Amino acid sequence: MNHKKTYNAMELKTTKGSLIIEGPIPPGELSRLDFHEDLVAFRPPAQQHKALIEIAGLPEGRLIIVRDQNTIVGYVTYLYPDPLERWSQGKMERLIELGAIEVIPKFRGSSVGKNLLRVSMMDDAMEDYIIITTEYYWHWDLKGTGLNVWEYRKVMEKMMNAGGLEWYATDDPEISSHPANCLMARIGKRVDHGDVQAFDQLRFMNRFMY
(Lines give C-alpha, C1' and ligand atoms only; values in the text may rest on other atoms or scores of the structure.)
Protein backbone atom coordinates (compact mmCIF):
# COMPACT_ATOMS: atom_id res chain seq x y z
CA MET A 1 0.00 0.00 0.00
CA ASN A 2 1.22 3.48 -0.87
CA HIS A 3 1.09 5.62 2.28
CA LYS A 4 0.55 9.15 1.02
CA LYS A 5 1.52 11.93 3.45
CA THR A 6 0.59 15.57 2.87
CA TYR A 7 2.05 18.27 5.12
CA ASN A 8 -0.39 20.58 6.94
CA ALA A 9 0.18 23.26 9.57
CA MET A 10 -1.62 25.78 11.76
CA GLU A 11 -0.64 28.46 14.23
CA LEU A 12 -2.13 28.21 17.72
CA LYS A 13 -2.04 31.29 19.93
CA THR A 14 -1.95 30.47 23.66
CA THR A 15 -1.58 32.64 26.76
CA LYS A 16 2.02 31.39 26.95
CA GLY A 17 2.97 32.16 23.36
CA SER A 18 2.28 31.10 19.78
CA LEU A 19 2.86 27.52 18.68
CA ILE A 20 3.10 25.86 15.28
CA ILE A 21 1.32 22.53 14.89
CA GLU A 22 2.56 20.75 11.77
CA GLY A 23 3.16 17.47 10.02
CA PRO A 24 3.70 14.80 8.99
CA ILE A 25 7.36 15.69 9.67
CA PRO A 26 10.14 13.69 7.92
CA PRO A 27 12.89 12.12 10.06
CA GLY A 28 15.65 14.46 8.84
CA GLU A 29 13.74 17.54 9.91
CA LEU A 30 12.84 15.96 13.25
CA SER A 31 16.47 15.26 14.05
CA ARG A 32 17.35 18.95 13.53
CA LEU A 33 14.79 20.16 16.09
CA ASP A 34 15.36 20.30 19.85
CA PHE A 35 13.23 18.02 22.04
CA HIS A 36 11.82 19.54 25.25
CA GLU A 37 13.12 18.03 28.50
CA ASP A 38 9.56 17.81 29.93
CA LEU A 39 8.47 15.25 27.32
CA VAL A 40 8.96 12.32 29.69
CA ALA A 41 5.67 10.37 29.57
CA PHE A 42 7.00 7.35 27.70
CA ARG A 43 10.80 7.30 28.11
CA PRO A 44 13.67 9.75 28.76
CA PRO A 45 13.53 12.70 26.29
CA ALA A 46 16.65 11.81 24.25
CA GLN A 47 15.42 8.22 23.80
CA GLN A 48 11.90 9.35 22.88
CA HIS A 49 13.26 11.84 20.33
CA LYS A 50 15.20 8.98 18.71
CA ALA A 51 12.11 6.71 18.76
CA LEU A 52 10.01 9.41 17.07
CA ILE A 53 12.61 9.86 14.32
CA GLU A 54 12.38 6.11 13.68
CA ILE A 55 8.55 6.22 13.56
CA ALA A 56 8.64 9.14 11.10
CA GLY A 57 10.85 7.02 8.83
CA LEU A 58 8.38 4.11 8.62
CA PRO A 59 6.34 3.89 5.39
CA GLU A 60 3.07 4.26 7.32
CA GLY A 61 4.54 6.29 10.20
CA ARG A 62 3.21 9.80 10.77
CA LEU A 63 4.44 12.33 13.27
CA ILE A 64 2.57 15.58 13.89
CA ILE A 65 4.45 17.95 16.20
CA VAL A 66 3.87 21.06 18.27
CA ARG A 67 6.77 23.45 17.87
CA ASP A 68 7.74 26.40 20.05
CA GLN A 69 10.25 28.06 17.70
CA ASN A 70 12.94 25.37 17.27
CA THR A 71 11.78 23.08 20.12
CA ILE A 72 9.28 20.21 19.97
CA VAL A 73 6.87 20.67 22.91
CA GLY A 74 4.26 18.10 21.89
CA TYR A 75 3.53 15.39 19.33
CA VAL A 76 1.21 12.63 18.20
CA THR A 77 2.28 9.43 16.43
CA TYR A 78 0.48 7.16 13.97
CA LEU A 79 1.86 3.76 12.95
CA TYR A 80 0.88 0.13 12.54
CA PRO A 81 -0.09 -1.54 15.84
CA ASP A 82 2.58 -3.36 17.84
CA PRO A 83 2.98 -6.98 16.56
CA LEU A 84 2.25 -8.21 20.11
CA GLU A 85 -1.18 -6.50 20.21
CA ARG A 86 -4.39 -8.09 18.95
CA TRP A 87 -4.88 -5.12 16.56
CA SER A 88 -2.00 -6.37 14.39
CA GLN A 89 -3.35 -9.92 14.10
CA GLY A 90 -5.59 -9.15 11.13
CA LYS A 91 -2.56 -7.74 9.22
CA MET A 92 -4.83 -4.95 8.02
CA GLU A 93 -3.02 -2.51 5.73
CA ARG A 94 -5.60 0.17 6.38
CA LEU A 95 -5.59 0.02 10.17
CA ILE A 96 -3.15 2.37 11.92
CA GLU A 97 -2.86 3.27 15.57
CA LEU A 98 -2.58 6.61 17.27
CA GLY A 99 0.28 5.32 19.37
CA ALA A 100 1.25 8.23 21.60
CA ILE A 101 0.21 11.79 22.29
CA GLU A 102 2.08 14.10 24.65
CA VAL A 103 2.21 17.85 25.41
CA ILE A 104 4.52 19.49 27.95
CA PRO A 105 2.77 20.68 31.17
CA LYS A 106 3.35 24.37 30.31
CA PHE A 107 0.96 24.18 27.33
CA ARG A 108 -1.68 21.83 28.73
CA GLY A 109 -5.17 23.29 28.96
CA SER A 110 -4.66 25.35 25.78
CA SER A 111 -6.43 22.91 23.39
CA VAL A 112 -3.05 21.79 22.02
CA GLY A 113 -4.01 18.10 22.03
CA LYS A 114 -7.29 18.75 20.21
CA ASN A 115 -5.52 20.79 17.56
CA LEU A 116 -2.82 18.12 17.14
CA LEU A 117 -5.61 15.75 16.14
CA ARG A 118 -7.32 18.33 13.91
CA VAL A 119 -4.09 18.95 11.99
CA SER A 120 -3.58 15.16 11.71
CA MET A 121 -6.97 14.77 10.03
CA MET A 122 -6.41 17.64 7.57
CA ASP A 123 -4.59 15.13 5.34
CA ASP A 124 -7.16 13.60 2.95
CA ALA A 125 -5.20 10.30 3.03
CA MET A 126 -6.59 9.73 6.56
CA GLU A 127 -9.92 8.86 4.88
CA ASP A 128 -8.23 5.64 3.66
CA TYR A 129 -7.62 4.35 7.20
CA ILE A 130 -9.28 2.98 10.27
CA ILE A 131 -7.45 4.88 13.01
CA ILE A 132 -7.57 3.39 16.50
CA THR A 133 -6.31 4.38 19.90
CA THR A 134 -6.29 2.24 23.04
CA GLU A 135 -6.59 4.23 26.24
CA TYR A 136 -5.30 2.65 29.47
CA TYR A 137 -5.68 4.52 32.74
CA TRP A 138 -2.21 3.42 33.93
CA HIS A 139 -0.64 5.55 31.17
CA TRP A 140 -2.43 8.71 32.31
CA ASP A 141 -0.74 11.51 34.26
CA LEU A 142 -3.24 11.47 37.13
CA LYS A 143 -0.69 12.78 39.61
CA GLY A 144 0.49 15.67 37.44
CA THR A 145 -3.03 16.79 36.48
CA GLY A 146 -4.74 16.16 39.84
CA LEU A 147 -7.64 14.48 37.98
CA ASN A 148 -9.25 11.18 38.94
CA VAL A 149 -9.55 8.40 36.35
CA TRP A 150 -13.06 9.40 35.24
CA GLU A 151 -12.19 13.09 34.88
CA TYR A 152 -9.07 12.17 32.89
CA ARG A 153 -11.06 9.74 30.72
CA LYS A 154 -13.52 12.56 29.92
CA VAL A 155 -10.64 14.88 28.91
CA MET A 156 -9.13 12.13 26.71
CA GLU A 157 -12.47 11.38 25.04
CA LYS A 158 -13.10 15.07 24.26
CA MET A 159 -9.62 15.40 22.80
CA MET A 160 -10.03 12.28 20.62
CA ASN A 161 -13.49 13.45 19.52
CA ALA A 162 -11.81 16.57 18.07
CA GLY A 163 -10.06 14.22 15.62
CA GLY A 164 -13.26 12.31 14.86
CA LEU A 165 -12.43 9.29 17.04
CA GLU A 166 -15.36 7.70 18.87
CA TRP A 167 -15.78 5.03 21.54
CA TYR A 168 -16.05 1.43 20.29
CA ALA A 169 -16.90 -1.67 22.30
CA THR A 170 -14.38 -4.54 22.45
CA ASP A 171 -13.70 -7.73 24.41
CA ASP A 172 -9.93 -7.10 24.46
CA PRO A 173 -8.82 -8.37 27.91
CA GLU A 174 -6.51 -5.42 28.67
CA ILE A 175 -9.17 -2.86 27.82
CA SER A 176 -11.85 -4.86 29.66
CA SER A 177 -9.65 -5.10 32.77
CA HIS A 178 -10.77 -1.64 33.98
CA PRO A 179 -13.96 0.30 33.11
CA ALA A 180 -12.01 3.53 32.48
CA ASN A 181 -9.95 1.91 29.70
CA CYS A 182 -11.39 2.22 26.22
CA LEU A 183 -10.95 1.68 22.50
CA MET A 184 -11.61 4.67 20.26
CA ALA A 185 -11.58 4.70 16.47
CA ARG A 186 -12.20 6.78 13.37
CA ILE A 187 -13.28 4.97 10.20
CA GLY A 188 -12.25 6.92 7.10
CA LYS A 189 -14.81 7.70 4.38
CA ARG A 190 -13.03 5.52 1.81
CA VAL A 191 -12.60 2.43 4.03
CA ASP A 192 -14.50 -0.44 2.41
CA HIS A 193 -17.01 -2.77 4.04
CA GLY A 194 -14.56 -5.70 4.12
CA ASP A 195 -12.08 -3.73 6.24
CA VAL A 196 -14.84 -2.61 8.60
CA GLN A 197 -15.89 -6.26 9.04
CA ALA A 198 -12.28 -7.32 9.66
CA PHE A 199 -12.01 -4.57 12.31
CA ASP A 200 -15.24 -5.80 13.97
CA GLN A 201 -13.75 -9.32 14.13
CA LEU A 202 -10.62 -7.94 15.81
CA ARG A 203 -12.77 -6.07 18.34
CA PHE A 204 -14.64 -9.23 19.34
CA MET A 205 -12.22 -12.14 19.12
CA ASN A 206 -13.60 -13.93 22.20
CA ARG A 207 -17.28 -13.94 21.26
CA PHE A 208 -17.28 -17.65 20.34
CA MET A 209 -15.78 -18.69 23.65
CA TYR A 210 -18.98 -18.25 25.64
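Modeller: First, a definition: two residues are in contact when heavy atoms lie within 4.5 Å. And keep in mind that this model is predicted.

Biologist: Which residues is Thr14 in contact with, leaving aside its neighbours within four places in sequence?

Modeller: Leu19, Phe107 and Ser110, once those sequence neighbours are set aside.

Biologist: Where does Thr14 lie?

Modeller: Thr14 belongs to strand β1, which covers residues 8-14.

Biologist: Does Thr14 count as buried or exposed?

Modeller: Look at the cut-off: buried means under 20% relative accessible area. Thr14 has 16% relative accessibility, so Thr14 counts as buried.

Biologist: What does the side chain of Thr14 reach at 3.0 Å?

Modeller: The backbone nitrogen of Lys16. A polar atom of the Thr14 side chain also lies 2.7 Å from the backbone oxygen of Gly17.

Biologist: Now the loops. Where does Arg86 lie?

Modeller: Arg86 sits in the loop between β5 (71-79) and β6 (95-103). With a relative accessibility of 8%, Arg86 counts as buried.

Biologist: Which side chain makes a polar contact with the side chain of Arg86?

Modeller: That of Asp171, at 2.9 Å. There is a backbone partner to add: the oxygen of Leu202 lies 2.6 Å from a polar atom of the Arg86 side chain.

Biologist: Which residues does Arg86 touch, not counting those up to four places away in sequence?

Modeller: Read the list in two runs. One run is Thr170, Asp171, Asp172 and Pro173. The other is Leu202, Arg203, Phe204, Met205 and Asn206.

Biologist: Which residue has a positive phi of about 50° although it is not a glycine?

Modeller: Lys91. Find Lys91 in the loop between β5 and β6. Exposed means over 50% relative accessible area. Lys91 has 72%, so Lys91 is exposed.

Biologist: What is phi of Ser111 near?

Modeller: Near 60°, a positive value in a residue other than glycine. Ser111 lies in the loop between β6 and α3 (112-120). Its relative accessible area is 38%, so Ser111 is partly exposed.

Biologist: Now a peptide bond. Is the one from Gly23 to Pro24 cis or trans?

Modeller: Read omega. For the bond from Gly23 to Pro24, omega is near 0°, and the bond is cis. Pro24 is found in the loop between β2 (17-23) and α1 (27-32).

Biologist: Let us step back to the chain. How many helices and strands does the secondary structure of the chain come to?

Modeller: The chain has 7 helices and 9 strands.

Biologist: What radius of gyration does the chain have?

Modeller: The chain has 17 Å. A compact globule with 210 residues would have a value near 17 Å, so the two agree. For the outline, use the C-alpha atoms: they fill a box of roughly 55 × 40 × 30 Å along the principal axes.

Biologist: What share of the 210 residues do buried residues make up?

Modeller: 47%. As for the surface, the chain exposes about 10,900 Å², and carbon and sulfur atoms supply 52% of that area.

Biologist: What share of contacts with a separation of 6 or more do residues 24 or more positions apart account for?

Modeller: They account for 66% of those contacts in the chain.

Biologist: And the charges? How many are positive and how many negative?

Modeller: 25 are positive and 29 are negative. The mean positions of the two sets are 4 Å apart.

Definitions and conventions: Residues numbered from 1 in each chain as written. Predicted model: local features only at pLDDT ≥ 70, side-chain atom pairs only at ≥ 80, totals over all residues. Heavy atoms only, no water. Helix = DSSP H or I, 4+ residues; strand = E, 2+ residues; numbered from the N terminus. Rg over C-alpha atoms; globule rule 2.2 N^0.38 Å. Buried < 20%, exposed > 50% of the residue type's maximum accessible area, 1.4 Å probe, protein only. Areas by Shrake-Rupley, 256 points an atom, 1.4 Å probe, with all protein chains shown as cover. Lys, Arg positive; Asp, Glu negative; His and termini not counted. Charge placed at Lys NZ, Arg CZ, Asp CG, Glu CD. Polar contact = N/O pair within 3.5 Å; in protein donor to acceptor, adjacent residues only side chain to side chain.
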